[in-house]
Amino acid sequence: MAIQDEEIHLRDYLRVILKRRATVVLFFLLVMVGVILATFSATPQYQGSVKVLIEKVEPNELASRYYRSYDPEFYETQVQLIKSQAVALKVVDILSLEENYATYFPPQDQTGPVALLRGWLGGVKKSIKGLFRGGASAVAGSGNRIEKSLAEKIASNITEGISVSPVKESRVVAISYMSPNPELAALIPNTVAKAFIEVTLEMKMESTRQSMEWMTRKADDERKKLELAETSMQQNMRDNDIVTLEDRLTVVPQRLSEISTQLVRAEAKRKEMEALYDKVRGVAGDPDAAESIPAIAADSALQTIRSQIMAAEQQIMEMSRKYGEKHPLMLKARGDIDVLKGKRIQEIARITASIRNEFELSQANERSLQAQMDKTKSEAQTLNEKYIQYGALKREADTNRQLYDALMLKLKEQSITGESQPVNMWIVEKASFPEFPAKPRKAVNLLLGLVVGLFGGIGLAFFIEYLDNTVKHPEELERALGMPVLGVVTLRKDKEASVDRVVMDDAASVQAENFRAIRTSLMLSSADSPPRRILVTSSGPAEGKTASSANLALALAQSDKRVLLIDADMRKPRQHKVFSLGNGKGLSTYLAGASEGDILQKGPLPNLSIITSGPIPPNPSELLSSGRMVQLLEKLGERYDVIICDSPPLLSVTDPLILSRLFDGTVVVTRARQTTYEMAGRSLKALADVKSNVFGLVLNEFDAAKGGYYYHYGYGTYGETQPEA
């Protein structure tokens with residue numbers, strides 16, 4: 001069953017604070033004690049502050065093209081320079097602090113407890129810093145570590161004590177220093193301002209000197225490179241006749257284009273003649289087939305011969321009507337036709353030879369043009385390579401010339417602007433002798449400790465409460481699980497005392513009254529009639545289900561009802577120990593085949609009977625799901641008013657789910673500060689999945705004082721003095 005979201009009221013927060021008040025008070029006291037010790041044992045620190053105006057020098061016209069009008073990093077750069085080691089060393093030098101160290105930094109007492117604690121914390125801080133340092137620290141620690149000089153140590157102390165903060169909406173910067181010596185607190189900031197000006201000038205002069213030296217060397221190198229590049233370019237012009245190279249570069253592409261056009265035409269002509277010649281060779285020896293080729297058939301001489309042959313053939317046809325085959329005229333006519341056919345063959349052979357010659361001529365022409373093309377391409381490539389080489393040399397010379405000219409111009413500008421100062425700084429207000437310490441601020445520290453201690457303790461209390469997911473209060477249990485709480489069993493003052501039979505052994509106790517209240521709630525849980533079969537279980541072990549079922553049976557028996565208590569926990573049974581009964585026979589023996597008369601035992605009250613679990617069987621689930629269990633409940637249900645059944649935990653085994661179908665309803669026992677909401681929710685969901693009825697929950701071991709409630713369930717202390725009659 002999912003935990004329900006409910007609106008949180010102010011009283012819920014107050015309840016958490018009251019419940020965790022010990023945590024809140026302890027945290028508050030620890031914070032306040034720490035703040036008080038740190039505040040009143042701290043050495044008073046005095047602070048001196050000097051205000052300076054820092055402006056960037058506007059560039060002159062010579063340097064304007066290298067100047068950016070807006071530089072957002074300028075002031076941060078100046079701040080870092082003010083806090084640098086170089087400025088601190090300059091302060092040490094100006095004030096001669098190396099010789100006057102003892103005057104300004106007197107030795108502190110290291111024997112007091114606060115001093116020892118401060119020294120220990122300092123050592124821990126250094127150790128932690130050492131863990132996160134890089135390889136440089138590892139090398140320094142390997143035996144080659146260089147010890148700092150006294151001046152460097154003093155400079156480091158000054159650097160750590162200096163703070164630089166810009167004044168809002170102005171160009172003024174405040175340089176502050178804190179020291180236990182008030183004279184030093186005023187002297188250091190004033191000296192830092194002076195040292196910053198000197199260090200800035202020294203840096204500028206050193207930078208100018210190095211720039212001049214570098215540019216001079218670089219200009220000399222570039223001059224030599226320029227001379228060498230110009231010499232190489234002139235030599236290349238002489239060797240390759242660069243003067244006429246550009247004209248030749250213009251003519252060669254035109255020639256290449258013309259030859260390319262002629263080559264395309266020659267190639268087409270050669271392909272045409274090659275195709276014609278292949279056809280002519282294919283009909284060699286067949287005059288009739290040869291005449292079908294257009295190039296041969298179009299020949300005028302061949303056309304004349306063909307006309308003569310046709311005329312002769314027509315004459316023979318006419319003469320054949322008059323003369324016989326052997327007539328002289330017929331013989332003469334046939335002889336003339338043979339002569340004409342021979343001439344036709346000769347003419348075809350002549351035309352074929354002409355086509356072959358023309359094909360060979362086109363091949364030769366194509367080869368000649370291809371050779372010219374290759375030669376022209378080679379010439380063009382050679383000219384391009386020469387021109388590219390010349391262009392590279394020319395570009396190199398031009399580049400060297402431009403770089404040399406730029407260096408010379410920059411060198412002249414640097415010689416003019418080198419003496420200018422990049423930063424203007426004026427002291428607006430000097431640091432004065434501080435009369436009162438700046439730290440510790442006792443009132444502020446105490447107020448801060450009060451706030452942090454109080455709210456930190458409350459926050460810690462809520463955090464612990466958030467981590468604690470166990471059931472603690474009946475109201476929260478009902479809201480979270482949506483299930484009624486039948487009652488609570490409060491925690492006994494004597495934690496060693498047993499509650500297994502508290503209803504009978506200590507009838508005047510609060511716990512006995514709690515179980516009687518649960519009995520009443522349970523009897524009123526059904527609208528029609530009181531339940532007669534009640535199953536008692538829990539989510540996990542040691543949550544009080546055995547004690548709850550035993551006391552519930554005793555409370556019902558005290559109300560003049562015939563009650564039967566069945567111990568169905570055949571895995572870890574305890575009811576026979578609670579009532580000091582034998583366990584040789586019981587539920588397991590009945591389910592294995594014995595009769596119900598053999599397993600019934602008398603309880604401590606006349607109308608209370610008990611069935612113990614019997615010997616532990618190897619298969620409890622199978623026995624409980626058998627038909628004999630149903631028969632047992634039906635038979636005994638006629639003899640007893642109420643049957644209470646103690647079963648194993650729900651989340652451990654399936655026995656309670658099997659039994660829950662045989663009873664009118666189930667009571668789930670939870671234990672305060674042990675059972676979690678997830679466990680209880682899973683238990684209720686498991687019962688809901690098998691459609692079992694749940695009467696409600698019982699909260700066991702409830703401590704009202706720790707829970708933030710100042711009232712008792714079950715009539716509270718009234719039950720301790722007025723036992724039930």
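**Architecture and side-chain interactions of the predicted model**

At 55% relative accessibility, Ala-542 counts as exposed. The residue belongs to the loop that runs between β6 (533-538) and α19 (545-558), and its backbone has a positive phi of about 60° although Ala-542 is not a glycine. These values, like those that follow, refer to a predicted model. A positive phi is also found at Arg-673, again not a glycine, where the angle is about 65°. Arg-673 is placed in the loop between β11 (665-671) and α25 (677-689). With a relative accessible area of 36%, Arg-673 is partly exposed.

The overall architecture comprises 26 helices and 12 strands. The protein has 725 residues, of which 38% count as buried. Its accessible surface amounts to about 41500 Å², and carbon and sulfur atoms contribute 56% of that area. When contacts between residues at least 6 apart in sequence are considered, 82% of them join residues at least 24 apart.

Strand β11 contains Val-668, a buried residue whose relative accessible area is 1%. With neighbours up to four places away in sequence left out, Val-668 touches Thr-537, Ser-538 and Ser-539, as well as Leu-650, Leu-684, Leu-687, Val-694, Gly-696, Leu-697 and Val-698. Val-668 and Glu-543 are separated by 125 residues in sequence, yet their C-alpha atoms are 9.9 Å apart in space.

A second buried position is provided by Glu-476, which has a relative accessible area of 15%. Glu-476 is part of helix α16 (residues 474-481). Beyond its neighbours within four places in sequence, Glu-476 is in contact with Arg-15 and Tyr-677.

Electrostatic pairing was examined next. The structure holds 13 salt bridges. In one of them, the side chains of Glu-358 and Lys-269 meet at an N to O distance of 3.4 Å. Glu-358 lies in helix α14 (residues 328-417) and Lys-269 in helix α10 (residues 242-282), so this pair ties together parts that are 89 residues apart in sequence. Glu-358 is partly exposed, its relative accessible area being 37%, and Lys-269 is likewise partly exposed, at 36%.

A further salt bridge, with an N to O distance of 2.7 Å, is formed by the side chains of Arg-574 and Asp-500. Here both partners are in loops: Arg-574 is located between β7 (563-567) and α20 (575-578), and Asp-500 between β5 (485-490) and α17 (502-505), so the pair links parts that are 74 residues apart in sequence. The two partners fall into separate accessibility classes. Arg-574 is partly exposed, with a relative accessible area of 34%, whereas Asp-500 is buried, with a value of 17%.

The salt bridge between Glu-513 and Arg-516 lies within a single helix, α18 (residues 510-523), where the three-residue spacing separates the partners by about one helical turn. The closest N and O atoms of this pair are 3.3 Å apart, and both Glu-513 and Arg-516 are buried. In addition, Lys-545, Asp-569 and Asp-646 are joined into one network by salt bridges that share partners.

Aromatic side chains were also considered. The count of aromatic pairs comes to zero, with ring centres required to lie within 6.5 Å for a pair. An aromatic ring does, however, take part in an arrangement with a charged group: the charged end of Arg-628 sits over the ring of Tyr-590, at 4.3 Å from the ring centre.

On the surface, Leu-447, Leu-450, Val-451, Leu-454 and Phe-455 make a nonpolar patch of about 460 Å². Of these residues, Leu-450 is found in helix α15 (residues 442-467). Leu-450 is partly exposed, with a relative accessible area of 38%; this value is over the 30% that patch residues must exceed.

Terms used
Residues numbered from 1 in each chain as written. Predicted model: local features only at pLDDT ≥ 70, side-chain atom pairs only at ≥ 80, totals over all residues. Heavy atoms only, no water. Patch = residues over 30% accessible without salt bridge, like charges linked within 9 Å, V, L, I, M, F, W, Y side chains within 5 Å. Areas by Shrake-Rupley, 256 points an atom, 1.4 Å probe, with all protein chains shown as cover. Salt bridge = Lys/Arg side-chain N within 4 Å of Asp/Glu carboxyl O. Helix = DSSP H or I, 4+ residues; strand = E, 2+ residues; numbered from the N terminus. Buried < 20%, exposed > 50% of the residue type's maximum accessible area, 1.4 Å probe, protein only. Phe/Tyr/Trp six-rings, centres within 6.5 Å; stacked < 30°, edge-to-face > 60°. Lys NZ or Arg CZ within 6 Å of the ring centre and 35° of its normal. Contact = heavy atoms within 4.5 Å.
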